[in-house]
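User: I'm new to this one and would like to go through it bit by bit. Can you take my questions in turn?

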Amino acid sequence: MSWGKVLQREFYNRDPITVAKELLGKVLVRETPEGVTAGVVVETEAYLAQGDPANHAFRGMTSRNKSMFGPPGHAYVYRIHQVCCLNVVTEPEGVPSAVLIRALMPIEGIEMMRERLGRFDSLPTTGPGKLCKAMAIDLSLDGWDLTLGEQLWVVEGNEPVEFAESDIAVTTRIGVTAAKDLPLRFFLKRQPFVNFVSHRGDRRR
DNA sequence: ACGGGGATCGGCT
DNA sequence: GCCGATCCCCGTA
């Protein structure tokens with residue numbers, strides 16, 4: 001009932017750029033008493049422990065970002081502008097780095113996602129805030145251990161979307177004001193569920 | 001198609 | 001007090 005091999009600690013215990021790229025094509029699963037929602041990860045961003053002023057942990061540990069300082073493979077969920085965003089924590093405990101999940105291709109529970117959004121949306125998981133609302137991911141999941149295979153986790157998924165290394169696009173990150181020139185956003189080309197905002201470096205669909 | 005603005009909240013200075 | 005790792009709506013075209 002865990003939808004295949006649950007990604008374990010070693011997967012996350014690497015640098016955030018590697019994890020951000022390898023997360024593409026994996027499946028994020030969310031289970032609540034209401035049911036299961038799941039989607040293929042198609043867009044991510046890396047936030048580095050060193051030299052990255054856009055990282056919430058750039059100026060040290062606070063009550064908000066403490067999950068990033070914990071062991072890899074846990075969630076870092078924070079709130080911004082009325083919505084939550086989901087990150088996975090990378091690298092060893094004490095090294096504050098993470099990968100932001102920005103978009104999914106839904107493969108399970110798309111109707112439930114739309115109910116949670118409160119409207120019909122043909123793309124209910126484009127954007128980090130929207131996908132959290134669609135999957136009922138909130139601050140109570142901050143620090144959650146993603147390797148347990150309960151409530152919130154990531155599976156190998158047996159490659160539900162086929163792509164090659166050359167299908168991965170790399171651009172600067174969306175919405176950040178600091179370190180806006182670092183090429184740390186990764187997404188699958190020709191994937192309609194990738195966040196559709198006009199952004200330097202994006203390709204027309 | 002694109003851009004501007006407002007909503008409204010927790011975390012930090 | 002201020003300011004976002006956002007989203008949606010509503011102008012203009």
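User: Which residue meets Glu34 in a salt bridge?
Analyst: This is a predicted model, so everything here is read off predicted atoms. The pair links distant parts of the chain, 82 residues apart. Glu34 sits in the loop between β1 (27–32) and β2, and its partner is in helix α3 (residues 110–117). With 2.7 Å from N to O, that partner is Arg116.

User: Is Arg116 buried or exposed?
Analyst: The cut-off for buried is under 20% relative accessible area, while exposed means over 50%. Glu34, the other half of the salt bridge, is exposed at 54%. Arg116 has a relative accessible area of 15%, so Arg116 is buried.

User: What is the N to O distance in the salt bridge between Arg190 and Asp167?
Analyst: Arg190 is exposed, with a relative accessible area of 67%, whereas Asp167 is buried at 17%. Their side chains meet in a salt bridge, and the N to O distance is 2.7 Å.

User: Why does the pair of Arg190 and Asp167 tie together parts of the chain, and how many residues apart are they?
Analyst: It comes down to where the two residues lie. Asp167 is in the loop between β6 (152–155) and β7 (168–171), and Arg190 is in the segment after β8 (185–188), so the pair ties together parts whose separation in sequence is 23 residues.

User: Which residue forms a salt bridge with Arg14?
Analyst: Side chains of opposite charge can pair when their charged atoms come close. Arg14 is partly exposed, with a relative accessible area of 27%. Its partner's closest O atom is 3.1 Å from the closest N atom of Arg14, and that partner is Glu22.

User: How many salt bridges does the structure hold?
Analyst: Some residues are linked in a network: Glu43, Glu45, Arg102 and Arg185. For the structure, the number of salt bridges is twelve.

User: Is Thr44 buried or exposed?
Analyst: Thr44 is found in strand β2 (residues 35–47). Leaving aside neighbours within four places in sequence, Thr44 is in contact with residues including Leu23, Val99, Leu184 and Phe186. Its relative accessibility is 0%, so Thr44 counts as buried.

User: Which residue's backbone oxygen lies 2.9 Å from a polar atom of the Thr44 side chain?
Analyst: Among the contacts of Thr44 outside its sequence neighbours are Ala20, Leu24 and Arg102. The backbone oxygen at 2.9 Å belongs to Ala20.

User: Let's move to the DNA. How many residues surround DNA strand B?
Analyst: The closest are Thr62, Ser63, Arg64, His81 and Gln82. By class, the surface near this strand has no nonpolar, five polar and two charged residues. The number surrounding DNA strand B is seven.

User: What share of the atoms of DNA strand B within 4 Å of the protein belong to sugar or phosphate?
Analyst: Two residues show contacts to phosphate oxygens of this strand. One is 3.1 Å from an N or O atom in the side chain of Ser63, and one is 3.4 Å from a polar backbone atom of Arg64. The rest of the atoms within 4 Å belong to bases, and the sugar or phosphate share is 72%.

User: Which residue has a polar side-chain atom 3.1 Å from a base oxygen of DNA strand B?
Analyst: The residue to look for is found in the loop between β3 and β4. It has a positive phi of about 75 degrees although it is not a glycine. It is also exposed, with a relative accessible area of 65%. The residue is Gln82.

User: How many residues surround DNA strand C?
Analyst: The closest include Tyr78, Asn87 and Arg119. The residues of this surface divide into eleven nonpolar, seven polar and three charged. β3 (75–80), β4 (83–90), β5 (97–108) and α4 (128–134) each supply at least two of them. The number surrounding DNA strand C is 21.

User: How far is a backbone N or O atom of Gly129 from a phosphate oxygen of DNA strand C?
Analyst: Pro128 also has a backbone N or O atom by a phosphate oxygen, at 3.2 Å. The side chain of Tyr47 has an N or O atom 3.3 Å from a sugar or linking oxygen of the strand. For Gly129, the distance to a phosphate oxygen is 2.7 Å.

Conventions:
Residues numbered from 1 in each chain as written. Chains lettered and ligands numbered in written order. Predicted model: local features only at pLDDT ≥ 70, side-chain atom pairs only at ≥ 80, totals over all residues. Heavy atoms only, no water. Near = heavy atom within 4 Å. Polar contact = N/O pair within 3.5 Å; in protein donor to acceptor, adjacent residues only side chain to side chain. Nonpolar A, V, L, I, M, F, W, Y, C, P; charged D, E, K, R; others polar. Helix = DSSP H or I, 4+ residues; strand = E, 2+ residues; numbered from the N terminus. Buried < 20%, exposed > 50% of the residue type's maximum accessible area, 1.4 Å probe, protein only. Contact = heavy atoms within 4.5 Å. Salt bridge = Lys/Arg side-chain N within 4 Å of Asp/Glu carboxyl O.
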